[in-house]
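Here's a walk through one protein model, from its sheets to its helices and domains. Have the structure open while you read.

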Amino acid sequence: MSLPPNDITPFQQRRARLLARMRAQGGGIAVLPTAPAAMRNRDAEHPYRHDSDFYYLSGFIEPEAWLVLIAGADDRSLLFCRPRHPEQEIWEGLRWGPEAAAERFGFDDAHSIETLDQVLPDLLLDQPALYAPMGLDDTRGKQMRGWLAAARGRARAGRRAPEQWRDLGVALAEMRLIKDPDEIAAMRRAARISAGAHARAMRAARPGMHEYELEAELLYEFRRHGAQAPAYGSIVAAGANACVLHYPAGDAVMKDGDLVLIDAGCEFDSYAADITRTFPVNGRYSGPQRALYDLTVAAQEAAAQVTRPGRSFNDGHLAALRVLAQGLIDEKLLEGSLDGVLESGAYSRFYMHRTGHWLGLDVHDAGDYREPGPIGEERPWRMLQPGMVLTIEPGLYVRPADDVPARFWDIGIRTEDDALVTDTGCELLTRGVPVDAREIEALMRE
């Protein structure tokens, strides 16, 4: 039987907040499926991972489940899930079943998933609006349209189907932007485990190892401390491979004098960590490597200084850009004035991504990066608030070119930490692994 959260109160509170939002807009019914199971090949499935929005509201992690919330004079929360099945449970493990699930997860009622097509059309009747995810897959989208058609077929009996379809993801994205204490606790644990894994990889690294061997060190540390899975495909990139932004851990051999870039984090109780560190395989940065590494760390520090309430999401990116651009000029990798390089975008040759993203149940978490406003109008960047969590991850990537000094060729560097916005600034949750070059070298000598 899947283990529920120790405390289901936060999930009940989130459902109540969503229902209050729906009532404020005139009421209606919200219908949300969890993720389907996916086949890997033949009769083997990929490891199952529930839908993040579904988990955020329910805490329920079994497949084949739907959540229904009805906002009105009497709010109701319903779960549709798999019934108990003794024979299948021999092979797949115990199921909660509707009766036990309703009690344990705090729903008003629960039904067998086998009754969904019969019950949903009736629940839709006389509801002013349907809140559901946009872009459902073909199977579940067809199912949803079938329920609406069945509800519309009751028109001659004086009943009405919902007249509006509103994107449930919009409301949930706004809610998920601000993490509650339980979410922050899970993210702290994910950050701590992930930082330990990076430190383990630093201690293990040596010339002659394959990238996949360092990936194995990460995965071992994740699981031995209780993480359920990697939060995303780990990047372990040695030498020139570090200049490929989404390079997966491969079979390249790490050579004496190479840097290795590791971008990896675990998922703990459904919440992600996301850390990147870049370190020398032989334990000592060369002069050019150290120059660009220190520059990247300085850019991250500049971004962290402006990651605070009252500043915008984009301010950190702009602060990092100024440091990186000036450093590239100082190292003769770019020519011109700082303002000229920033205005022309010449820096993008070496730094082509933004400095961060939201983090939470998804590694690129839900939430708009700009303030709400009318479609088609220019909207200001989102202002940071306590409880938001984002990454701060500047980088530099120098590929061989005629106008680039050879000593900088094939250097790829990124430094990434997870930042919790606090009342007075931000807390870097992932500093359990060092970022200072001297501290990294000292760790690697252990």
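Helices (H or I, at least four residues) and strands (E, at least two) are DSSP runs, numbered from the N terminus, and two strands pair if DSSP finds at least two bridges between them. This is a predicted model, where local features need pLDDT of at least 70, side-chain atom pairs count only at pLDDT 80 or more, and totals for chains, interfaces and linings use all residues. Residues are numbered from 1 along each chain as its sequence is written, and side-chain values use heavy atoms, with hydrogens and water left out.

**The sheets**

Let's start with an open, antiparallel sheet of three strands in the order E15-E18-E19. Its edge strands, E15 (389–392) and E19 (426–428), each pair on one side only. From one strand to the next, the twist averages 35 degrees; angles run from 0 to 180 degrees between N-to-C directions, and axes are lines fitted to C-alpha atoms, for helices over the stretch in contact.

Another open sheet has three strands in the order E10-E11-E14, again with antiparallel pairing. Here the edges are E10 (235–238) and E14 (275–280), each pairing on one side only. Neighbouring strands of this sheet are turned by 10 degrees against each other on average, direction ignored.

Two of the strand pairs look like this:

| Pair | Bridges | A bridge partner pair |
|---|---|---|
| E18 (residues 417–421) and E19, antiparallel | three bridges | Leu 420 and Glu 427 in E19 |
| E11 (residues 259–264) and E14, antiparallel | six bridges | Asp 263 and Thr 276 in E14 |

**Helix H8 and its neighbours**

Now look at H8 (residues 181–204), which lies across E11 and E14 and runs at about 15 degrees to E14. What does H8 cross at roughly 65 degrees? That's helix H13 (residues 437–445), and the two axes come within 7 Å. The crossing is right-handed, the term for a near helix turned clockwise from the far one by less than a right angle (left-handed if anticlockwise).

On the H8 side, Ala 199, Met 202 and Arg 203 meet Ile 440, Leu 443 and Met 444 of H13, where contact means heavy atoms within 4.5 Å. Those residues divide into five nonpolar, no polar and one charged.

**The two domains**

The domain assignment splits the protein chain into domain 1 (8–172) and domain 2 (178–445); such bounds come from an automatic or database assignment. Their C-alpha centres lie 37 Å apart. Seven residues of domain 1 touch nine residues of domain 2.

The area buried between domain 1 and domain 2 is about 710 Å², with carbon and sulfur atoms giving 42%. Buried area is the accessible area (1.4 Å probe) that two parts lose on being put together, summed over both.

Definitions and conventions
Ala, Val, Leu, Ile, Met, Phe, Trp, Tyr, Cys and Pro count as nonpolar, Asp, Glu, Lys and Arg as charged, and the others, Gly among them, as polar.
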